[in-house]
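Trainee: Could you take me closely through one part of this model, the open sheet, and then connect it with the backbone details found elsewhere in the chain?

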Amino acid sequence: MQPRTPLVLCVLLSQVLLLTSAEDLDCTPGFQQKLFHINQPAEFIEDQSILNLTFSDCMGNDKLRYEVSSPYFKVNSDGSLVALRNITAVGRTLFVHARTPHAEDMAELVIVGGKDVQSSLQDIFKFARTSPVPRQKRSIVVSPILIPENQRQPFPRDVGKVVDSDRPERSKFRLTGKGVDQEPKGIFRINENTGSVSVTRTLDRELIAIYQLFVETTDANGKTLEGPVPLEVIVIDQNDNRPIFREGPYIGHVMEGSPTGTTVMRMTAFDADDPATDNALLRYNIRQQTPDKPSPNMFYIDPEKGDIVTVVSPALLDRETLENPKYELIIEAQDMAGLDVGLTGTATATIMIDDKNDHSPKFTKKEFQATVEEGAVGVIVNLTVEDKDDPTTGAWRAAYTIINGNPGQSFEIHTNPQTNEGMLSVVKPLDYEISAFHTLLIKVENEDPLVPDVSYGPSSTATVHITVLDVNEGPVFYPDPMMVTRQENISVGSVLLTVNATDPDSLQHQTIRYSVYKDPAGWLNINPINGTVDTTAVLDRESPFVHNSVYTALFLAIDSGNPPATGTGTLLITLEDVNDNAPFIYPTVAEVCDDAKNLSVVILGASDKDLHPNTDPFKFEIHKQTAPDKVWKISKINNTHALVSLLQNLNKANYNLPIMVTDSGKPPMTNITDLRVQVCSCRNSKVDCNTAGALHFSLPSLLLLSLFSLACL
């Protein structure tokens, strides 16, 4: 194989000239001068030549075309740069793109004294003005390719070409990287024989701004001969994105009376274009203000920062005099630094004029009248006020205070949250006989404090005159409840007490009659004239109508008014116990086995309805047990219980044993109760009481039964 000659790759770009050594080429394609400095004039005059550009593709400049990055300039076919119209500031940097079928290049024009831009393409492509780098043998030297976004058909179109006069025969060029053989695939390709680099479709800088590619040469078998060498494709921005307000809704607040120049809010928009160019350099203005009163220019927006500030005097910024305390501004953001050719986007800013407490509340009247019946409670009058402040704020909401005329705290006042009225209420019933008239002095204030130059005046107080109406009040028992203590079983007709009821209507002359209202047991009677209460039946402490030894009855006192009024009184009778109930035993039936080894029969208990000392200790006895009958025994266990037992086993039968129990009252009371004892057959763990046979009586019981039979003949 013959030794390979030195390889020279020459990429003809939209801004960058192929760097070659002087001994390789006599003609260098591209602009002869790539950087120009132009002093910013007061105005660029239409069709006036600014400077001349010299471009050569070393092949006659056939079909030479120029493109300028600013829409306000053009380059004539002779290379002269002229303005399209009379303009002033146009930015700091311009780029001129020249292209023929054989070469293309970019020249940079820096306007000295022009508007400051965040950065310029010279920062990105600073290599364009660097001194040529000497080409080394057998090395690939490439420079970035610049391609404007949004190019139209036809595609594919060449954007550069690799030139190598010493390339070995049958060697090929190969292009790799994202945009070629990696996603997004197929955007760029290279002619493996000629080295022409082409783009296959429209590019979008906002999707991908820079493509990192690699160029290499290979032999016929695909083996790399040279490279890979990085190749950067930079997409040149076009103004194809409108400004967008992305952070809405935009709502601002400013206090009424704020000084001129008060900042309300900030509006900022976003532009997806290259921030290093005028394509994303935004300026703001107010397109419309609604409403336009009292001034069509209530606000101003900083064109660069987007700050909205007030521009009217504090006197005009008065919420109470404005037709509407809410303003809507149509804010426009325009790129290209606000020039007419710039794209625009709009948003609505809502500005609320907030209230401050610069108006004190005032009563609509100096005096209010109210009437109320004695004994009644509740709202008696609504006090109305006026306040010019915002009804949704504490500057409007009223707070009322009774400052005089309420020593007994009979009145209270609360604010109605919907109407802001003061609701004056009676909370303690009034008495006509004590006072028929009341006069209150009431003050109204706001929840929020007033501004320093405003104070509460005479209109912030009012007088309320209240008339109390007399009503026929029912008589009142004194005391209530009435209490007496008596022994139960007192004789019928006994006087318990004389009730006393008085009529509160002291200014009226009325008589009172009495009657029984509730007497559950029907034991009582009351004299309707003098109120004397006596008994109509025997009082019984053990009655179900008595609870905890207290009997409760109700009486009525009715006056002679029209209509008559009624009062109710309660009588509590505490009944003292007497020994009027004999004790009783339990249980009254017992079982025992006929062959029981334990002759205990049953434990008896006794109870008494009376209270101590008329109850236990109880005395238990077997009533009149004779000698032949002495097979039973009763033994005391405690004050309320005793044990009944046998002295010997008995045959299976039923026995009635008379048990006598006596309480401890004075005098004592005794009760005799038959205890039925069943003597049962108990065999093989089975108890059989059904065949106990006829009843067996003790001798005293038989004698009593015989006497009873003779009495019945």
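Mentor: A word on terms comes before anything else: strands here are DSSP runs of E with at least two residues, and they are numbered from the N terminus. Please also keep in mind that this is a predicted model.

The sheet you ask about is an open one, built from four strands in the order 17-23-22-19, and its pairing is mixed. Strand 17 (250-255) and strand 19 (283-290) stand at the edges, and because each has a single partner strand, one side of each is left without a neighbour in the sheet. On average, and with direction ignored, neighbouring strands of this sheet are turned by 30° against each other. At one edge, strand 17 runs parallel to strand 23 (residues 344-354), and six bridges join the two. Within that pairing, methionine 255 stands opposite aspartate 354 of strand 23.

From the sheet we can turn to loops in which the backbone takes a notable form, beginning with positive phi angles. Lysine 63, which is not a glycine, has a positive phi of about 60°, and its place is in the loop between strand 4 (55-56) and strand 5 (65-68). With a relative accessible area of 64%, lysine 63 counts as exposed, because that value is over 50%. Asparagine 548 is another residue other than glycine with a positive phi, here near 55°, and it is placed in the loop between strand 39 (532-535) and strand 40 (550-559). The relative accessible area of asparagine 548 is 77%, so this residue is exposed as well.

Two cis peptide bonds also belong to this account of the loops. One runs from histidine 612 to proline 613, with omega near 10°, and proline 613 lies in the loop between strand 44 (600-607) and strand 45 (619-622). Another joins lysine 666 and proline 667, with omega about -5°, and proline 667 is found in the loop between strand 48 (653-662) and strand 49 (670-683).

Strand 49 brings us to a last residue, since glutamine 678 is found in that strand. Glutamine 678 has a relative accessible area of 14%, and because this is under 20% it counts as buried. Leaving aside its neighbours within four places in sequence, glutamine 678 is in contact with several residues, among them Val589, Ala590, Glu591 and Val592, and also with Ala653, Asn654 and Cys689.

Technical notes: Residues are numbered from 1 along each chain as its sequence is written. This is a predicted model: local features need pLDDT of at least 70, side-chain atom pairs count only at pLDDT 80 or more; totals for chains, interfaces and linings use all residues. Side-chain values use heavy atoms; hydrogens and water are left out. Buried means under 20% relative accessible area, exposed over 50%, partly exposed in between (1.4 Å probe, protein chains only). Two strands pair if DSSP finds at least two bridges between them. Axes are lines fitted to C-alpha atoms, for helices over the stretch in contact, and angles run from 0 to 180 degrees between N-to-C directions. Contact means heavy atoms within 4.5 Å.
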